[in-house]
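Dear colleague,

I am passing on the structure we spoke of, and I would be glad if you could look through it with the notes below at hand.

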Amino acid sequence: MKSRSAPDMMLLLCTVFLLAIGVVMVYSASAVLAFHEFGDWYYYLKRQFLFAVLGIVAMVFTMNVDYGAWKKHAKILLLLCFVMVALVLIPGIGVVRGGARSWLGIGSFGIQPSEFMKIGMILFLSKLLSEQQSKITLFVRGLLPPLGLVGLAFGLIMLQPDLGTGVVLVGAALLIIYASGARLLHLSYLGFAGLAGFIGLIAAAPYRLQRITAFLDPWADPLGAGYQSIQSLYAIGPGGLVGLGLGMSRQKYSYLPEPQTDFIFSIIAEELGFIGGGCVLILFMVLLWRGMRIAITAPDTFGSLLATGIVGMIAIQVIINIGVVIGMFPVTGITLPLISAGGSSLTLMLTSIGILLNISRYAR
């Protein structure tokens, strides 16, 4: 029987600090926009606080449920995720927001099934590869079946379309597959094929190609495709070392699009400066370090792969979001974990961290 101890307190504290920073910064970044759109300065704050509370309840629950229980139900959970992602694509059922049919819900409240798919796929791959680890070095019998499943999920998400979530899903899945012992040579071949497919996806959609050209030279179209990148840098630059002060952002006055979600780190850098932004990055680095430590010290292969997938999911989102904000990557719709305004994304991120904390309770 596995011995159970207290959860990793450093991981828990980092999560709470980042969540608290997120609630404060969502209000600071969104108050002007909320009043303009809804006549309520606190609209986004109230939603963020509500989902943060729901997420904390879910985190406490998963932190106290033996992670082995998820292994028993992983297949059913993934099947439900596929059903929800498929339902989104049906006109009249799926809700279109921001140009993508990615939501299920009524009015302003809804869930994003692709967020469920990320954790559902992580759970199932961890179960599958922990039970069939000896086959993973075989290309046809071991590697192709999980990759085919990931490809199917990616294809459904791209039909919405939601390239950002698809990239996070594939990235986390590949980390699990690599950690389970897949041959690097096989993954390299597939990487080249994936790169060709990725280029094809970009070329097939004019707006994606515009984002690439805007990334290379945002000033070529400063009021169009390059607008978000330029306004983000306009926010970061004046922040300097200590920032303009909490609540003193200028870019949130309808200059920077989505200041409470995709570009919230721009507002953090503008209001809290290099020091504030650096503190957020340090918290994320500590969180990822503790997560990797849990993956290494997990008592079984399933727990190790599950922790690897969750840490990979968080790391990829942080890298891409901040990379977009500072102009290192083309613009894509990926939120900053625990910080950006969100509903299902925030709740499921806290749920996933709760599973990670539970694994830490059994770590060697």
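What follows concerns one helix pair, the internal cavities and one pocket.

Please keep in mind throughout that this is a predicted model.

The helix pair. Helix 4, which spans residues 113-131, and helix 5, which spans residues 139-158, have axes that come within 11 Å and cross at roughly 175 degrees. Since angles over 145 degrees count as roughly antiparallel, helix 4 and helix 5 are therefore roughly antiparallel to each other. On the side of helix 4, the contact is made by Ser114, Met117, Met121, Phe124, Leu125, Leu128 and Leu129, while helix 5 contributes Pro146, Leu149, Val150, Ala153 and Ile157. Sorted by class, this contact of helix 4 with helix 5 has eleven nonpolar residues and one polar residue, with no charged residues.

The cavities. The count comes to two cavities of 30 Å³ or more. The largest cavity has a volume of about 130 Å³, and of the 17 residues that line it, Glu115, Gln317, Ser345, Leu346 and Met349 are the closest to its centre. Helix 4 appears here again, for it supplies at least two residues of the lining of the largest cavity, as do helix 11 (301-325) and helix 12 (344-360); the largest share, five residues, comes from helix 12. By class, the lining of the largest cavity divides into nine nonpolar, six polar and two charged residues.

The second largest cavity holds about 40 Å³ of space, and its lining consists of Arg211, Ala214, Phe215, Ala225, Ser229, Phe329, Pro330 and Val331. Helix 8, which covers residues 206-216, provides the largest share of that lining, with three residues, and the lining of the second largest cavity as a whole divides into six nonpolar residues, one polar and one charged.

The pocket. About 700 Å³ of space lies in the second largest pocket, and of the 19 residues that line this pocket, those closest to its centre are Val170, Leu174, Leu190, Gly194 and Leu195. Helix 5, which also takes part in the contact with helix 4, supplies at least two residues of the lining of the second largest pocket, and so do helix 6 (163-179) and helix 7 (184-204). The largest share of the lining of the second largest pocket, nine residues, comes from helix 7. In class terms, the lining of this pocket divides into 13 nonpolar and six polar residues, with no charged residues.

With kind regards

Terms used
Residues are numbered from 1 along each chain as its sequence is written. This is a predicted model: local features need pLDDT of at least 70, side-chain atom pairs count only at pLDDT 80 or more; totals for chains, interfaces and linings use all residues. Side-chain values use heavy atoms; hydrogens and water are left out. Axes are lines fitted to C-alpha atoms, for helices over the stretch in contact, and angles run from 0 to 180 degrees between N-to-C directions. Helices (H or I, at least four residues) and strands (E, at least two) are DSSP runs, numbered from the N terminus. Angles under 35 degrees count as roughly parallel, over 145 as roughly antiparallel, 65 to 115 as roughly perpendicular and the rest as oblique. Contact means heavy atoms within 4.5 Å. Ala, Val, Leu, Ile, Met, Phe, Trp, Tyr, Cys and Pro count as nonpolar, Asp, Glu, Lys and Arg as charged, and the others, Gly among them, as polar. On a 1 Å grid over the protein atoms alone, a cavity is a set of points where a 1.4 Å probe fits but cannot get out, and a pocket is an open set with protein on both sides within 12 Å along at least five of seven lines; lining residues have an atom within 4 Å of a point. Grid points are joined across faces, edges and corners, and a volume is the space filled by probe spheres set on the points.
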